[in-house]
Amino acid sequence: MIDRELDSILKRVEKPARYIGGEVNMIRKDPDSVNVRIGFAFPDTYEIGMSYMGLQILYDILNRDPQIYCERVFAPAKDMEGLMRENGRKLFTLETFTPVDELDFFAFTLQYEMSYTNILNMLDLGGIPVRRQDRIKLASETGAVYPLIIGGGPCAYNPEPLADFFDAFLIGDGEELLADVCRAKIDCDDRDQFLETISRIDGVYVPEFYDVSYREDQTIEGYAANNAKAPEKVNRAVLRDIEQAAFPVNNLVPFIDTVHDRAVVETFRGCTRGCRFCQAGMIYRPVRERKPETIIDLAQKQIQNTGHDELSLLSLSTSDYSQFEPMATHLMGICKKQNVALSLPSLRLDSFSFNVLNEIQGYRKSGLTFAPEAGTQRLRDVINKNITEDDIYSAVRQAIELGWEHIKLYFMIGLPTETYEDLDGIAEIARRLIDINYEIRGRKGGRFRITVSVSNFVPKPHTPFQWIPQNTPEEFIEKHNYLSGKLRIKGVTFNYHETFTSSLEAALARGDRRMSRVIEEAWKSGCSFDAWTEYFDADKWSEAFQKSAAEFVFADGKSMEHFYNYRNRNEDEILPWDIIDPFVTKEFLLEESHKALEEKTTHDCREGCVGCGMNQHTECFVNMVNR
């Protein structure tokens, strides 16, 4: 229940509904009736966090267990944070308004590196020391009790930059893993016993159980387990049968608009395409599909229980679902009868997909999105993006003939082996699409327009490009300026991503434990909401790097940023994330890296096993569909 002090604060902030809970389908339990209380924390605002389907899934699964109460916590916006600090109000859960330092677990989902300072800010706002060693020391000296700080999600596949702040990381699929970790707490007498117990569970990494040593050149010399219970390497957790996994049908329905305000059903997990830049395509292997009848049943129940007027299918590549056509056709009929919009993102734009899009969008056709990623076939072969210019041109031709007037094209710049000829290719594709529109609609061309968006390539762990240097900010800026000139084409709009943000993202993604110091320095200087353009402060981050690097001597006097971002990493170098085994072998990633430099492609897993190593641990897609 909201008290008078909180009520007074909420009257003075923008969007108070962010902080009041009580939504449709919110879970209510008596806190005194459960054994474990966990705050599931999304380190960004309510509107963004409530759009994350993983929150809905884990909230539903954990709260099915009568021993566990899972509550939600989001980062308060700047106005709310200021008033909370002014009034000495600790960060609280939305379900019971309990201060987070009174919970058993404070669990963060790690979706994006640029949210790391928000994590420290949320800990501090909750009255929790941000560093693990400080919490241990205070607990020993004063008897203070703090919640266990745990994290999971894609960024946990390199947990090292956050290692000094967290008690444990959960690596891999969380549906079974997080519940197992919560239940383990019930049977353990103290923190040490609990951490030793969960360290034996596949998918659990306890950073304090490992010592890291460094060479003179500042690269990692090795990891050494300092606890007999800790495994030499941490295996990821794999949900082997997604068909049997629980999936929510009573989704939380926000009072205010969120980024994605709709019913969502996950059709399958994983991807078989093998794009070499894509971390998700590697760490979410193998593909695991739900049956069409299960998807349809879940969709109908969600629509009925939430009142949403839009349904979206969730996957990395929607039309790669093995029974996509009959399933999509069936769902279109259901949605049409119930006046519900159907959203099918990440479609392969073939004839059937266009028919589907034509059916669900009718005469009000929104923009179509294509992601060629690179401007030339040579570079698309390097990154294993197996589409051709003919694929792009024929798809756009179909779209124009069916009435679409806005095409969005997504590219990356700074990819390995990229040349300015590849950048010219981006402009050539845009120019050719404008010409195709003129061919079909005449010289006036209607209101047809193209938006070209480029992002800066960020090498990620557990991908074939994890050894590759990133372009420097100066190189990115030069390429942005070059493309700005090349894309001065009537009907074409050019957008590009901010440069220093991409450089910081790369350092946070591929950093080691010493990055914890940088993150903490940046947070202490006032950094938070770094993913938001209006709050990001490049100067403060630069100062944080300089302060943190003072005690290190990097080769040739290079900077800390250069060490993490702009150098080639040797193939035999121990990488910060090598402590994690994603089941895609390093040998396979190296082979793919070599093939990239040779401009050779690798076929889709659906056409036969490519030998990534995943099938040594769990059943892969080809075997699953042939059962």
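**Exercise 1. In what order do the six strands of the open sheet come, and what kind of pairing do they have?**

Keep in mind that this is a predicted model.

- Step 1: Read across the open sheet, and you get β2-β1-β3-β4-β5-β6.
- Step 2: Check the pairing, which turns out to be mixed.
- Step 3: Look for the strands that pair on one side only; these edge strands are β2 (68–74) and β6 (204–205).
- Step 4: Now zoom in on β3 (residues 105–109) and β4 (residues 148–152), which run parallel and are joined by five bridges. One of the pairs to look for is A107 with its bridge partner I150 in β4.

**Exercise 2. Find out which strands helix α7 lies across.**

- Step 1: Locate α7 at residues 174–186.
- Step 2: Trace what lies along it: β1, β2, β3, β4, β5 (168–170) and β6.
- Step 3: Compare directions, and α7 runs at about 145° to β1.

**Exercise 3. Is R37 buried or exposed, and what does it touch?**

- Step 1: Place the residue: R37 sits in strand β1, which covers residues 36–42.
- Step 2: Take its relative accessibility, 13%. Buried means under 20%, so R37 counts as buried.
- Step 3: List its contacts, skipping residues up to four places away in sequence: P31, Y69, E71, T96, T98, L103, D104 and F105.
- Step 4: Pick out E71, whose side chain makes a polar contact of 2.7 Å with that of R37.

**Exercise 4. Work out how helices α11 and α12 are arranged.**

- Step 1: Find α11 at residues 324–337 and α12 at residues 351–361.
- Step 2: Look at their axes, which come within 11 Å and cross at roughly 5°.
- Step 3: Angles under 35 degrees count as roughly parallel, so α11 and α12 are roughly parallel to each other.
- Step 4: See who makes the contact: F324, E325, A328, T329, M332 and K336 from α11, and F352, S353, V356, E359 and I360 from α12.
- Step 5: Sort these by class, and you have six nonpolar, two polar and three charged residues.

**Exercise 5. Which backbone angles stand out at F97, N339 and the bond between R285 and P286?**

- Step 1: Start with the usual picture: most residues other than glycine have a negative phi, and most peptide bonds are trans.
- Step 2: F97 isn't a glycine, yet its phi is positive, about 60°. F97 lies in the loop between α4 (78–86) and β3, and it is buried, with a relative accessible area of 13%.
- Step 3: N339 also has a positive phi, about 55°, without being a glycine. Its loop runs between α11 and β14 (341–343), and at 68% relative accessibility N339 counts as exposed.
- Step 4: R285 and P286 are joined by a cis peptide bond with omega about -5°. P286 is in the loop between α9 (279–283) and β12 (288–289).

Terms used
Residues are numbered from 1 along each chain as its sequence is written. This is a predicted model: local features need pLDDT of at least 70, side-chain atom pairs count only at pLDDT 80 or more; totals for chains, interfaces and linings use all residues. Side-chain values use heavy atoms; hydrogens and water are left out. Helices (H or I, at least four residues) and strands (E, at least two) are DSSP runs, numbered from the N terminus. Buried means under 20% relative accessible area, exposed over 50%, partly exposed in between (1.4 Å probe, protein chains only). A polar contact is a pair of N or O atoms within 3.5 Å; within protein, one must be able to donate a hydrogen and the other to accept it, and residues adjacent in sequence count only if both atoms are side-chain atoms. Contact means heavy atoms within 4.5 Å. Axes are lines fitted to C-alpha atoms, for helices over the stretch in contact, and angles run from 0 to 180 degrees between N-to-C directions. Angles under 35 degrees count as roughly parallel, over 145 as roughly antiparallel, 65 to 115 as roughly perpendicular and the rest as oblique. Ala, Val, Leu, Ile, Met, Phe, Trp, Tyr, Cys and Pro count as nonpolar, Asp, Glu, Lys and Arg as charged, and the others, Gly among them, as polar. Two strands pair if DSSP finds at least two bridges between them.
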